[in-house]
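Q: Please take a close look at one part of this model: its salt bridges. Keep it brisk.

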Amino acid sequence: LIARRRRTSCYFYPRAWPSVRSADWWERVVLKEFGPQDWLEKFRMSKETFFYVCNQLRPGLAPHSTHFHPHSTHFHPTLPLEKRVAVALWHLATNVEYQTLSPLFGVGPSTVQTCVREVSYAVVLLLKPLYLRLPNEKELENMVRIFRTRWGFPHCIGALDSLHIPIHPPLRLSADYCNGQGWPSILTQATVDAVLESSSLWVLAKEGRLCPNPPKHFMGKAQKYVLLGDATYPLQDWILKPYQEDENLTQRQLQFNYRLKRAHSVIENAFLRLKARWQILLKCDDCSLELLPTLVLACCILPHATGPPDLPNPCQPAPAAMEDGRAEQVRELMCQYFESCGE
């Protein structure tokens, strides 16, 4: 995913609503009285976009369409599709608890939970093929052009990072979800060691499907496109990371580190925007562990926005056994490139 740096003048200010809700609050207040700012604040999208998304999800949320989730047993044909989507998006956007959201829409907490689950599965089933797919050769070339022109980093198609999402696991499983800084979380995207090695990204790269076949030439040599990672990632001929910081680094290595870190910030900004828009990612307390991967993926599929400060992102460095000796030659080629083109 490539995120663009941009400033925004869109800030969300809480709006007070009456404490007593009625079953028709959605129809009477939201649909008739909500202004553009209210839609952005509560649903993270305009009213027009909301109904566009509802139409896209309609095949998966129509009555009796439980085929996309084997555990789906609760459908509410009397609850309008738009209201079900609204309940789910409001929860994802604001992280309001089920018990608090329940009287707001005049439904029970279990219905709120069902809406979040079913809408999340529908987003993944119906929208993932449209927005999260392997890019073709022309799209890869466009990614290379963007990274070169915007960030000054050549032969690169993206950046890698991992995002820790705090969770509240069952007591008996707390040790299984404890990260390097001692608090429970789940990881999104790819990270180091066995997680990265068992990911689809690793398989795609090893099969050569992240670059044209044969690879394009760079600095006179056939070279795979690269992804940029931080120090926690293993050095591969398709993953570049900074040189280890010490007093022995040469000027060209320092320049390489500077260029890589500057370009790598694109994914850090993307994570900031993702968590700002879908605040459920700040801490998942109400969500079941079984639903979490689907919920997180749904948030990644839905549009992003800028917002509040990030959370810590702890990771352990990749083991040396994962390092690829040939990758050092790729870093050296990059150093030569930056040395030849200057600032």
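Is E328 buried, partly exposed or exposed?

A: E328 is partly exposed, at 33% relative accessibility. This is a predicted model, and E328 pairs there with R331 in a salt bridge. Their closest N and O atoms are 2.8 Å apart. Both residues sit in helix α12 (residues 327-341). They are three residues apart, about one turn of the helix. The partner R331 is buried, with a relative accessible area of 7%. It counts as buried because 7% falls under the 20% cut-off. E328 has 33%, so it lies in the partly exposed range between 20% and 50%.

The structure holds ten salt bridges. Side chains of opposite charge can pair when their charged atoms come close.

Another of these pairs is K216 with E141. Here the closest N and O atoms are 3.3 Å apart. This pair links distant parts of the chain, 75 residues apart. K216 lies in the loop between α9 (200-206) and β4 (217-218). E141 belongs to helix α7 (residues 137-151). Both ends are partly exposed: K216 has 31% relative accessibility, and E141 has a relative accessible area of 33%.

Now the burial of a further pair. E118 and R117 are both buried. Their side chains meet in a salt bridge of 3.4 Å, N to O.

Back to helix α12: R331 is the buried end of its bridge, and E328 is the partly exposed end. Elsewhere, salt bridges that share partners join E137, E141 and K216 into one network.

Conventions
Residues are numbered from 1 along each chain as its sequence is written. This is a predicted model: local features need pLDDT of at least 70, side-chain atom pairs count only at pLDDT 80 or more; totals for chains, interfaces and linings use all residues. Side-chain values use heavy atoms; hydrogens and water are left out. A salt bridge is a side-chain nitrogen of Lys or Arg within 4 Å of a carboxyl oxygen of Asp or Glu. Buried means under 20% relative accessible area, exposed over 50%, partly exposed in between (1.4 Å probe, protein chains only). Helices (H or I, at least four residues) and strands (E, at least two) are DSSP runs, numbered from the N terminus.
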